[in-house]
Amino acid sequence: MIDSHCHLDHEPLLGDLDNVLLRSKNIGITKLLTISTSLESFSRVKEIVNKDDMIYGTIGIHPHEADKNEISSKFIVDNLKENRKIIGIGETGLDFFYDNCDRKKQLDSFRIHIEASLETKVPLIIHSRDAEDETFKILDEYKDNNLKILMHCFTGSKEFSKKLLLLNSYFSASGIITFKNSLDLQNTFKSLPLEKILIETDSPFLAPVPNRGKKNEPSFIDFTAAKLAEIKEISKSKLIETTTNNFNKLFFN
């Protein structure tokens, strides 16, 4: 089992990392992908990936941080070359939830990450909230470039998912699919091809039921896996096997 998106550089995970890793291993997790959200975050991620063989990391600027963190495609590419355990670019993307967000800086930052992904063939981890049309419009510009796309913590519409499938995208399910009010999202994941699905915690955020409201951690992914298996009408072991293979295909092929 693989947690394809967590934030081990955030508290309370960082301060309890040894126990977090132990609990992860105890439920059968074999890899953790810890995600960069800012330049400061990336400096921590570079250290964390060396703590254990199971930990891998990414380099990128979250859209909420785009106005405070300038990054270049060259900086991303150079750091990917320097560290074999940095295997993804992001999380990047667009988040127009807040009215006061700097949309231009988000768009510019997103394109910089895309350029680095094109140059390196490293997967792009995308955050998209209240920006479906804008996100697809940009990605569609590169439809002939074989971008490797992972839609992290996907909560978009079924129509959005269908358009993204045309770009050969992968979709990661978080604990949100366990929430009672997520029926539309559950139906979207039911419709998605199993070979295009990954699982994640986004910990320490978005703890799944029955731990909703608590600080999330990678070991809680077991609840998300069980719910997604139920949605897909397959065994949990088949779900885990397939999502693990999907992760390895995306990041290591």
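User: Where does Pro12 lie in this model?

Analyst: This is a predicted model. Pro12 lies in the loop between β1 (2–6) and α1 (17–26). The peptide bond from Glu11 to Pro12 is cis, with omega near 5°.

User: Which residues does the cis peptide bond with omega of about 15° join?

Analyst: That bond joins Ser203 and Pro204. Pro204 sits in the loop between β8 (197–199) and α8. Most peptide bonds are trans.

User: Why is Asn83 called buried?

Analyst: Its relative accessibility is 17%. Buried means under 20%. Asn83 is therefore buried.

User: What surrounds Asn83, and where does Asn83 lie?

Analyst: Asn83 lies in the loop between α3 (73–82) and β4 (86–95). Leaving aside residues up to four places away in sequence, Asn83 touches Lys46 and Val49.

User: What makes the pair formed by the side chain of Asn83 and the backbone nitrogen of Lys85 a polar contact?

Analyst: A polar atom of the Asn83 side chain lies 2.9 Å from the backbone nitrogen of Lys85. The cut-off for a polar contact is within 3.5 Å.

User: Why are α8 and α9 called roughly perpendicular?

Analyst: Helix α8 (residues 221–232) and helix α9 (residues 236–252) pack at an angle of about 110°. Angles of 65 to 115 degrees count as roughly perpendicular. So α8 and α9 are roughly perpendicular to each other. Their axes are 8 Å apart.

User: Which residues make that contact, and how do they divide by class?

Analyst: From α8 come Asp222, Ala225, Ala226, Leu228 and Ala229. From α9 come Lys236, Leu239 and Ile240. By class, the contact has 6 nonpolar, no polar and 2 charged residues.

User: How do you know whether Thr242 of α9 is buried or exposed?

Analyst: Thr242 has 11% relative accessibility. The limit for buried is under 20%, so Thr242 counts as buried. Thr242 and Glu195 are 47 residues apart in sequence, yet 6.9 Å apart in space, C-alpha to C-alpha.

User: What is notable about phi in Asn146 and Asn168?

Analyst: Phi is near 55° in Asn146 and about 70° in Asn168. Both values are positive, and neither residue is a glycine. Most residues other than glycine have a negative phi.

User: Why do Asn146 and Asn168 fall into the exposure classes they do?

Analyst: Asn146 has a relative accessible area of 67%. Exposed means over 50%, so Asn146 is exposed. Asn168 has 46%. That value falls between 20% and 50%, so Asn168 counts as partly exposed. Asn146 lies in the loop between α5 (132–140) and β6 (149–151). Asn168 is in the loop between α6 (158–165) and β7 (170–173).

Terms used: Residues are numbered from 1 along each chain as its sequence is written. This is a predicted model: local features need pLDDT of at least 70, side-chain atom pairs count only at pLDDT 80 or more; totals for chains, interfaces and linings use all residues. Side-chain values use heavy atoms; hydrogens and water are left out. Helices (H or I, at least four residues) and strands (E, at least two) are DSSP runs, numbered from the N terminus. Buried means under 20% relative accessible area, exposed over 50%, partly exposed in between (1.4 Å probe, protein chains only). A polar contact is a pair of N or O atoms within 3.5 Å; within protein, one must be able to donate a hydrogen and the other to accept it, and residues adjacent in sequence count only if both atoms are side-chain atoms. Contact means heavy atoms within 4.5 Å. Axes are lines fitted to C-alpha atoms, for helices over the stretch in contact, and angles run from 0 to 180 degrees between N-to-C directions. Angles under 35 degrees count as roughly parallel, over 145 as roughly antiparallel, 65 to 115 as roughly perpendicular and the rest as oblique. Ala, Val, Leu, Ile, Met, Phe, Trp, Tyr, Cys and Pro count as nonpolar, Asp, Glu, Lys and Arg as charged, and the others, Gly among them, as polar.
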